Amino acid sequence: QVQLVESGGGLVQAGGSLRLSCAASGTFFSINDMGWYRQAPGKQREFVATATSGDTTNYADSVKGRFTISRDNAKNMVYLQMNSLKPEDTAVYYCNAELFLVLGGLRKYWGQGTQVTVSS
């Protein structure tokens, strides 16, 4: 069974920083893309950042220059360094990973989410 487990959320003042981590565990062949999404109260889940297996990264315009996504492929982990946080960054942050399965196929998995709250 595959699991994605996030950690690192919390409460921070505007202008502060947080680092989110996500670990993939279980039985799978390899990991393709890994990324982060977020969902604020009353809003739809939105894309934040993604990193391919070749370390190509992509960011939402709203976080460019403030957030940095990185991966440790040896540990099956993805990180999101969030700097210069704003109150509008407040949301539940979800880790996402595309996994190549042992028996074939590619499947997306989601973590349970971690709350990030930025106070003004």
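Is N76 buried, partly exposed or exposed? N76 is partly exposed, because its relative accessible area is 26%; buried means under 20% relative accessible area, exposed over 50%, and partly exposed in between, with a 1.4 Å probe and protein chains only. This is a predicted model, in which local features need pLDDT of at least 70 and side-chain atom pairs count only at pLDDT 80 or more, while totals for chains, interfaces and linings use all residues. Residues are numbered from 1 along each chain as its sequence is written, and side-chain values use heavy atoms, with hydrogens and water left out.

**Figure 1. The whole protein chain, with zero helices and 11 strands.** Helices (H or I, at least four residues) and strands (E, at least two) are DSSP runs, numbered from the N terminus. From the N terminus on, the order of elements is β-β-β-β-β-β-β-β-β-β-β. Along the principal axes, the C-alpha atoms fill a box of roughly 50 × 25 × 25 Å. The radius of gyration of the protein chain is 14 Å, which agrees with the value near 14 Å for a compact globule of 120 residues; this radius is taken over C-alpha atoms, and the globule rule is 2.2 Å times the number of residues to the power 0.38. Of the 120 residues, 42% are buried. Among contacts between residues at least 6 apart in sequence, 54% join residues at least 24 apart, where contact means heavy atoms within 4.5 Å.

**Figure 2. Two loop residues with positive phi, N76 and S84.** N76 lies in the loop between strand 7 (67–72) and strand 8 (77–82). Its phi is near 55°, a positive value in a residue other than glycine. S84 sits in the loop between strand 8 and strand 9. The phi of S84 is near 50°, again positive in a residue other than glycine. S84 counts as partly exposed because its relative accessibility is 41%.

**Figure 3. The surroundings of N96 in strand 9.** This strand covers residues 91–100. N96 counts as buried because its relative accessibility is 5%. Which residues is N96 in contact with, leaving aside its neighbours within four places in sequence? They are L4, D33, M34, G35, Y37, K108, Y109 and W110. A polar atom of the N96 side chain lies 3.4 Å from the backbone oxygen of Y109.

**Figure 4. V5 in strand 1 and S21 in strand 3.** Strand 1 spans residues 3–7, and strand 3 spans residues 18–25. V5 is partly exposed because its relative accessible area is 41%, whereas S21 is buried because its relative accessible area is 13%. Leaving aside neighbours within four places in sequence, V5 is in contact with S21, C22, A23 and Q112. With residues up to four places away not counted, S21 touches V5, E6, S7, W36, M77, V78 and Y79. Y79 can also be related to V5: the two are 74 residues apart along the chain, and their C-alpha atoms are separated by 12 Å.

**Figure 5. Y59 in strand 6 and its contacts.** Strand 6 consists of residues 57–59. Y59 counts as buried because its relative accessibility is 18%. Outside its neighbours within four places in sequence, Y59 is in contact with F47, V48, A49, K64, F67, T68 and I69. One of these, F47, is 12 residues from Y59 in sequence and 8.0 Å away in space, C-alpha to C-alpha. The side chain of Y59 reaches the backbone nitrogen of I69 at 2.9 Å.

**Figure 6. D61, in the loop between strand 6 and strand 7.** D61 counts as exposed because its relative accessibility is 64%. Its side chain makes a polar contact with the side chain of K64, at 3.2 Å. A polar contact is a pair of N or O atoms within 3.5 Å; within protein, one must be able to donate a hydrogen and the other to accept it, and residues adjacent in sequence count only if both atoms are side-chain atoms. D61 and P87 are 26 residues apart in sequence and 16 Å apart in space, C-alpha to C-alpha.
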